[in-house]
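Work through the exercises below with the sequence and the model open. Each task is followed by a solution in steps.

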Amino acid sequence: MEKGAVCIIGAGISGLTCARNLADRGYPVTVFEKSRGVGGRMSTRRTDDGTLFDHGAPYFTVQGERFRSQVERWIDDGVVVPWEVNIVELYQGRADKEGRPVERFVAVPGMNGICHSLAQGLDVRFNTTVAPPERDGDGWLIRDQDGGELGRFQAVLISAPAPQTTALLKAAPLLVKRAERVRMAPSWAVMAAFQEPLGPAYDAAFIHQSPLTWIAKNSGKPGRPTSPETWVLQATPAWTAEQIEKEPSRVTRRLLEAFREATGCGSAEPSFSTAHLWRYAVPPEPHPGPFMLDEKLRIGACGDWCGGPRVEGAFLSGALLAERLCELA
Ligand SMILES: Cc1cc2nc3c(=O)[nH]c(=O)nc-3n(C[C@H](O)[C@H](O)[C@H](O)COP(=O)(O)OP(=O)(O)OC[C@H]3O[C@@H](n4cnc5c(N)ncnc54)[C@H](O)[C@@H]3O)c2cc1C
């Protein structure tokens with residue numbers, strides 16, 4: 001494709017990988033992001049007193065060679081470090097060693113470190129919620145949700161979770177049909193800080209027979225302040241679906257109770273706690289292809305719901321979509 005302006009919607013890892021690849025090949029790229037920072041579901045929450053929580057993806061794994069080469073570059077650049085962590089499986093108070101240890105990685109100083117690194121030198125506009133793109137001659141007119149014009153582009157690439165992408169794809173009916181088939185499961189995440197160490201002999205756990213599926217000591221990850229002791233508690237998709245309309249304060253209380261039941265960690269009260277709802281956390285059955293692209297209209301979509309359901313899948317989806325766009329005549 002000749003090097004016309006490209007609009008990317010979303011500054012998570014898939015959108016920024018796509019943007020980085022296109023910018024490195026000389027395309028003028030603008031990224032619009034509705035929140036106030038990069039990361040999406042790899043975000044890091046900073047409280048008013050500076051405490052950090054990775055409240056989305058707590059870590060990532062590596063399967064394929066392409067992602068492994070990228071992770072090695074991030075390690076060389078000091079953006080990613082291996083997370084050698086003592087993980088257990090908790091069954092109502094009984095702790096078993098993790099069955100099959102896996103190589104895990106975290107970004108530093110927070111999980112959003114990768115997205116900060118990808119965004120360096122890119123034109124990223126925050127606090128901008130994009131409305132469905134409108135066809136404009138042989139290109140696209142992009143407006144924000146209040147109708148304000150954001151610009152005209154030769155191509156538009158959307159990296160939002162599947163249901164949000166479906167709403168943005170109004171002008172590309174062929175892609176809507178495919179995107180609307182992908183469901184995304186929700187997850188409540190509770191962030192809690194404790195002034196005194198809680199004492200479990202592990203730093204993270206998969207939890208069974210509980211509203212919780214996973215807990216991790218955020219302050220035990222490399223490159224994070226060790227005090228206060230911080231934990232992120234992640235609810236199962238099934239429990240979250242039942243509690244999706246509940247007040248965050250009620251969810252926080254219930255998941256802290258489940259945390260105490262699962263770990264046996266006494267009655268220590270957190271000095272800070274809050275809950276965040278990931279309405280579109282993970283796609284149980286992603287779209288089989290690694291991206292979607294209407295090559296004639298030059299509108300496409302990428303993300304973890306295309307190809308692979310995790311950080312690696314999102315990265316590959318963004319990279320492959322950028323490559324395909326460049327190949328178009
Ligand atoms: C609780 C939780 C735990 C997880 N655990 C793991 C794990 O252990 N390992 C792992 O590999 N993965 C894990 N994941 C999944 C991983 O976080 C995702 O696969 C990955 O971050 C998805 O990246 P993405 O770029 O596809 O989407 P996102 O990160 O969701 O990025 C999409 C971006 O688009 C923006 N956006 C949406 N609509 C608009 C609009 N109209 N205008 C402008 N911007 C818009 C959003 O604000 C967002 O920033 C977890 C996710 C969650 C939520």
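## Exercise 1: Polar contacts of the ligand

The model is predicted. Task: find which atoms of the ligand pair with N or O atoms of Arg310, Val130 and Ser14, and state how much of the ligand the protein covers.

Solution.
1. Start with Arg310: an N or O atom of its side chain is 3.2 Å from a nitrogen atom of the ligand.
2. Go on to Val130, where a backbone N or O atom lies 3.0 Å from a ligand nitrogen.
3. At Ser14 the partner is an oxygen atom of the ligand, 2.7 Å from an N or O atom in the side chain.
4. On its own the ligand has 1,000 Å² of accessible area, and the protein covers 95% of it.

## Exercise 2: The shell around the ligand

Task: describe the shell around the ligand by nearest residues, by class, by element and by domain.

Solution.
1. There are 34 residues around the ligand, and Ser14, Glu33, Arg41, Asp304 and Val311 come nearest.
2. Sorted by class, the shell holds 17 nonpolar, twelve polar and five charged residues.
3. At least two shell residues come from each of helix 1 (13-24), helix 4 (162-168), strand 18 (272-282) and helix 8 (311-327).
4. The ligand lies between domain 1 (6-47 + 114-182 + 287-327) and domain 2 (83-109 + 185-282), because both give residues to its shell.

## Exercise 3: Helix 1

Task: compare the span of helix 1 with the expected value, then determine how many of its residues are buried.

Solution.
1. Helix 1 has twelve residues, and its first and last C-alpha atoms are 16 Å apart, close to the 16 Å expected at 1.5 Å a residue.
2. Nine of the twelve residues are buried, so helix 1 is mostly covered.
3. The buried residues of helix 1 include Ser14, Thr17, Cys18 and Asn21.
4. Just after helix 1, Gly26 has a positive phi of about 95 degrees.

## Exercise 4: Two loop residues

Task: decide for Asp304 and for Ala201 whether the residue is buried or exposed.

Solution.
1. Place Asp304: this residue is in the loop between strand 20 (299-301) and helix 8.
2. Its relative accessible area is 7%, and the cut-off for buried is under 20%, so Asp304 is buried.
3. The side chain of Asp304 also makes a polar contact of 2.7 Å with the side chain of Arg41.
4. Place Ala201: this residue is in the loop between strand 14 (185-194) and strand 15 (204-208).
5. With a relative accessible area of 68%, against a cut-off of over 50%, Ala201 is exposed.
6. Ala201 and Val88 are 113 residues apart along the chain, and their C-alpha atoms are separated by 9.4 Å.

How values were computed. Residues numbered from 1 in each chain as written. Predicted model: local features only at pLDDT ≥ 70, side-chain atom pairs only at ≥ 80, totals over all residues. Heavy atoms only, no water. Near = heavy atom within 4 Å. Polar contact = N/O pair within 3.5 Å; in protein donor to acceptor, adjacent residues only side chain to side chain. Areas by Shrake-Rupley, 256 points an atom, 1.4 Å probe, with all protein chains shown as cover. Helix = DSSP H or I, 4+ residues; strand = E, 2+ residues; numbered from the N terminus. Nonpolar A, V, L, I, M, F, W, Y, C, P; charged D, E, K, R; others polar. Domains from an automatic or database assignment. Expected span 1.5 Å × (residues − 1). Buried < 20%, exposed > 50% of the residue type's maximum accessible area, 1.4 Å probe, protein only.
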